[in-house]
Amino acid sequence: MDCGIFTSKTVLLFLSLIFWAAGALMAYVGAYVIKSYDNFNNFIQDKYTLIPAAIIIGVSVVMFIFGLLGCFATIRESRVGLSFFFLFIMVIFAAEIAALVFSFIYQYKISGDLQRSMSDVFDRYDGEDAETKAVDYLQTQLQCCGVRNYTSWSSTTWYANHNNTVPLSCCKNVTSTQCTGRQDQVDLLNTEGCESKLEVLLQDVLGYAMLVILGFAIIKFFGMLSVCVITCRASSRRSGYQPLYA
């Protein structure tokens with residue numbers, strides 16, 4: 001068998017096989033991004049940052065189906081099958097590039113949106129409603145206190161109505177009876193602000209997603225090249241079926 005054909009077939013078979021694994025991985029990444037945002041959805045008013053995750057999950061679903069098509073078309077050197085496979089790879093490649101661009105753009109829009117939305121939620125903190133639980137969850141999970149730092153609570157209604165104290169979720173040890181939420185107990189409180197910590201978390205999530213997308217986009221690019229090699233050489237030198245082991 002021609003070395004170029006053998007190499008191209010090997011690449012395509014490998015690509016077809018990893019489509020299943022890649023689909024599962026991309027579905028996990030997309031779900032992880034959505035879950036990460038869902039945990040803190042009270043602080044994120046704009047949902048455009050979920051667009052890359054939606055694209056990733058959509059791509060992963062169809063990858064399972066076309067992985068089988070890729071194996072069959074490659075082994076049989078079916079021009080029709082390879083044409084469909086090439087079209088599929090090209091569409092997926094374009095979708096991954098779009099997801100990569102969206103991720104890059106939105107990665108730098110997180111900060112301004114967080115500052116505005118988080119300030120509103122923290123100002124409405126009353127210790128009872130769902131937003132209150134979201135604030136407590138945020139401060140406990142990220143070990144932070146206030147929007148910018150623990151002194152940010154000084155401008156809130158909660159602080160004025162509760163003897164100038166911050167919520168107990170600001171305590172380093174929320175079960176400790178020594179921590180009463182007074183700002184002079186600096187050694188018992190988490191002093192770092194939640195805005196910067198949440199921003200870093202969301203930036204990291206998008207960063208991981210971008211690396212995964214980029215890696216699979218590179219694989220798709222070589223897959224398209226391999227389809228071109230098999231189709232062109234098969235058309236010029238022979239026709240019909242030639243098994244991989246020939």
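## Overall fold

Helices, defined as DSSP runs of H or I with at least four residues, and strands, defined as DSSP runs of E with at least two, are numbered from the N terminus. On this basis the protein chain of this predicted model contains seven helices and zero strands. Along the sequence, the order of elements is α-α-α-α-α-α-α.

The protein chain has 246 residues, of which 44% count as buried. Its accessible surface amounts to about 12,400 Å², and carbon and sulfur atoms contribute 64% of that area. Among contacts with a separation of 6 or more, 77% join residues 24 or more positions apart.

## Annotated transmembrane regions

An unreviewed UniProt entry lists residues 12-34, 54-75, 82-106 and 205-232 under "transmembrane region". Two of these spans are described here in terms of the model. Residues 12-34 are 100% helix and 0% strand, with 31 Å between the end C-alpha atoms. Residues 82-106 are likewise 100% helix and 0% strand, and the end C-alpha atoms of this span are 36 Å apart.

## Aromatic pairs around Y125

A pair of aromatic rings is described by the distance of the centres and the angle of the planes. The structure holds four aromatic pairs. One of them joins Y125 and W153 in an edge-to-face arrangement, with 5.2 Å from centre to centre and 75 degrees between the planes. Y125 belongs to the loop between α4 (110-123) and α5 (130-142), whereas W153 belongs to the loop between α5 and α6 (157-161); the pair therefore ties together parts that lie 28 residues apart in sequence. Y125 and W153 are both buried.

Y125 also forms an edge-to-face pair with W158, for which the centres are 5.0 Å apart and the planes meet at 85 degrees. This pair links distant parts of the chain, since Y125 sits in the loop between α4 and α5 and W158 in helix α6, 33 residues apart.

## Burial and the aromatic cluster

Is Y125 buried or exposed? Its relative accessible area is 7%, and a residue counts as buried under 20%, so Y125 is buried. The relative accessible area of W158 is 14%, and W158 is therefore buried by the criterion of under 20%.

Which residues form one aromatic cluster with Y125? F122, W153 and W158 join Y125 in that cluster. Within the cluster, Y125 is a partner in the edge-to-face pair with W153 and in the edge-to-face pair with W158.

Methods:
Residues are numbered from 1 along each chain as its sequence is written. This is a predicted model: local features need pLDDT of at least 70, side-chain atom pairs count only at pLDDT 80 or more; totals for chains, interfaces and linings use all residues. Side-chain values use heavy atoms; hydrogens and water are left out. Rings of Phe, Tyr and Trp (its six-membered ring) pair if their centres lie within 6.5 Å; planes under 30 degrees apart count as stacked, over 60 as edge-to-face and the rest as tilted. Buried means under 20% relative accessible area, exposed over 50%, partly exposed in between (1.4 Å probe, protein chains only). UniProt positions are given in the numbering used here, feature names are shortened, and annotations may be inferred rather than shown by experiment. Contact means heavy atoms within 4.5 Å. Accessible areas come from the Shrake-Rupley method with a 1.4 Å probe; for residues, only the protein chains shown count as cover.
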